[in-house]
Amino acid sequence: MKKLELNAPETKSADIVFGNLSALQSLFPDAFREGKIDFDVLKQLLGAAVDDQDEKYGLNWHGKRKARQIALTPSVGTLLPCPQESVDWEISRNLMIEGDNLEVLKLLQKSYAGNVNFIYIDPPYNTGRDFIYPDDFRDNIKNYLSITGQIDSRGSKSTTNSESSGRFHTAWLNMMYPRLKLAHRLLSGDGSIAISVDDGELDNVRIIMSEIFGEENFLAQIIWRKRSTPPNDKIIGANHDYIVLYSKSIDSVRLNLRERSEEQVARYRNPDQHPKGPWAPGDLMANVKGGRYVASLHFPIINPNNGEEHLPGTNGNWRFSKETIDRLLQSDEIYFGEDGLGKPKLKRFLADVKDGVTYPTIWDFVPLNTSGSNEMKEIFGDATIFESPKPVGLIEELLRLGTDRNSTCLDFFAGSSTLAHATMSLNAKDQGSRRFVCVQLPEAVPSGSEAEKRGFSTIAELSKERIRRAGDKIRRAVPTQTEYTGFRVFKLAQSNIRAWEPLPSDLEGTLLANAEHIVPGRSEQDVLYELLLKLGLDLCVPIETQQITGKTVHAIGGGALITCLAGGLTKDVVESLSAGIVAWWKQLAPAVETRVVFKDSGFANDVAKTNMAAILNQNGILDVRSL
């Protein structure tokens, strides 16, 4: 029975470096010597694709190498379940995670890599004010616990990113780069990512996004009109922000057309009661502004009402052949004006056109930023409880653009969780089942702020309460949406598995203290959800529970994982317990190989542990581990 240690691959987040090396070795086995890359051979295999020039186009800054390195470093943390802070824990598939988003993104890799369909983030704008993501590349979990006051008395702190600093842009880029690298791995092949940004870091965002996602996968730079008038504190005041949009793969990205407005639909009428329904007049001409002349498309169209001939304009031709025009005339699909005597126009039927219209890059049709503030006031009362939240209508429109009704949506700079609100709201409107995953650092609210006066100590607390209240409002209006308005809360913490830290002055005491490998105070549920994360299962996967021989046994994901973390597993108990597990496993009949995990200290002795593994192996369950 193999033991799961803290630093074993199974108890860490995804090892991205190992995955990259494995993929590279499968493509270029000749470039590997004793497990190491021979770059001279690799360059030969790649031929002209290798760029050996010292000067290359790109963006470099102090710390970029470390930023890339930290994105590749696995996490040994975990996410602790908090059902008491959740809504509809048993049925919800939405997640609200408290923690440093860098570590959380690492922990989500095994379970969600390639499964997130749409990402929206609104990272802190680099305005010279404080922001709170000072990564410690040596121990980011320890750094996070220190920042949030969980391991000392300093409480929440931030670093000042003054514009006078020589590393004004560097600090922001070091914060963003590893997070975007990890986000890229989470995104599905047909997925897209939208980033809100202002002029301060727009150019840098475009460059690093092109480096990480590929220049060819750039979709659009949307200009969002966020204010009706420019601010008057400058000679030229910006009344817009940007939303930079990239795809995982330009060839397979899912993007939807924009729904037609009532005004656009109203342009289609049916004054002649045509059987195909409402229509609008469209141009029959091609090459009106020049282009290739096609002689066969230059012919007269005869008005059946008065016999008048109509030729295309100078150096122009019709869009269709004479045969097609004759067919359109016969089916009454060409319009000659209200009096029937005008120039010919094509009847463009609403039934024939695309389901929507192309999105523009200037978004002046979504709510202004004042709507976001007003929405928060509707939820929390007439007071500014959160500065400049994005309006729900803006995020809803992004979701309409980049998701379908079953998409998984991620925001790892959640703030007040507008994405969660927008996801629930859009589901209620189109009967969708989109799920959200929001991540927010439990950053302290500003001292003396309205949020603090209302009893909120962190932005994460405020964010959770916003989701609760918004979900409750939606449930009252649309009772069928109950399943999609709840959420599960998880909190970042150090692993449930204790690290081996021997004390040289008391080795005997250290051995006794480490007889139990689970961190004191952690529950069976805490350990169970760490197993889901580290073994690559969805945090909302179904969990079934049975009592077998008086011991609690869990079957996760239809039997993909079976766990028993109980104690008192003596030789006699093992015989009946293993028989019960085998019977249940056969009943579940999982489509994948099952892994069974026990608590190492749960066995009375090595004989009981050996017997358990042997009995399960003999019955076809080959992957048996202890924790």
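Visitor: Which residues do ring pairs link into a cluster with Trp-89?

Guide: This is a predicted model. A search of the whole structure finds 13 aromatic pairs. Some ring pairs join up into a cluster, and Trp-89 belongs to it. The other members are Phe-490 and Tyr-529.

Visitor: Which charged residue sits over the ring of Trp-89, and how far is its charged end from the ring centre?

Guide: The residue is Arg-488. Its charged end lies over the Trp-89 ring, and the distance to the centre is 4.8 Å.

Visitor: What is the distance for Arg-206 over the ring of Phe-218?

Guide: Here, too, a charged end sits over a ring. Arg-206 supplies the charge and Phe-218 the ring. From charged end to ring centre is 3.9 Å.

Visitor: Which strands stand at the edges of the open sheet, and why is one side of each left without a neighbour?

Guide: The sheet has 10 strands with mixed pairing, in the order 4-22-5-21-20-6-9-11-10-19. An edge strand has a single partner, so one of its sides has no neighbour in the sheet. The two are strand 4 (77–81) and strand 19 (362–363).

Visitor: How many bridges join strand 20 to strand 21, and which residue stands opposite Thr-408?

Guide: Strand 20 covers residues 408–411 and strand 21 covers 435–440. They run parallel, joined by four bridges. Opposite Thr-408, in strand 21, stands Arg-435.

Visitor: What angle does helix 13 make with strand 21?

Guide: Helix 13 (residues 418–430) packs on the sheet. It touches strand 6, strand 20 and strand 21. Its direction and that of strand 21 make about 170°.

Visitor: And what angle does helix 15 make with strand 5?

Guide: Helix 15 (residues 459–477) packs on the sheet as well. It touches strand 5, strand 21 and strand 22. Its angle with strand 5 is about 165°.

Visitor: Why is the pair of Phe-412 and Phe-413 called stacked, edge-to-face or tilted?

Guide: Both residues are buried. Their ring centres are 5.4 Å apart. Planes under 30 degrees apart count as stacked and over 60 as edge-to-face. These planes stand at 45°, so the pair is tilted.

Visitor: Is Asn-101 buried or exposed, and what is its relative accessible area?

Guide: Asn-101 lies in helix 4 (residues 101–107). Its side chain joins that of Arg-179 in a polar contact of 2.4 Å. Buried means under 20% relative accessible area. Asn-101 is buried, because its value is 1%.

Methods: Residues are numbered from 1 along each chain as its sequence is written. This is a predicted model: local features need pLDDT of at least 70, side-chain atom pairs count only at pLDDT 80 or more; totals for chains, interfaces and linings use all residues. Side-chain values use heavy atoms; hydrogens and water are left out. Two strands pair if DSSP finds at least two bridges between them. Contact means heavy atoms within 4.5 Å. Axes are lines fitted to C-alpha atoms, for helices over the stretch in contact, and angles run from 0 to 180 degrees between N-to-C directions. Rings of Phe, Tyr and Trp (its six-membered ring) pair if their centres lie within 6.5 Å; planes under 30 degrees apart count as stacked, over 60 as edge-to-face and the rest as tilted. Buried means under 20% relative accessible area, exposed over 50%, partly exposed in between (1.4 Å probe, protein chains only). A charge sits over a ring if NZ of Lys or CZ of Arg is within 6 Å of the ring centre and within 35 degrees of the ring normal. A polar contact is a pair of N or O atoms within 3.5 Å; within protein, one must be able to donate a hydrogen and the other to accept it, and residues adjacent in sequence count only if both atoms are side-chain atoms.
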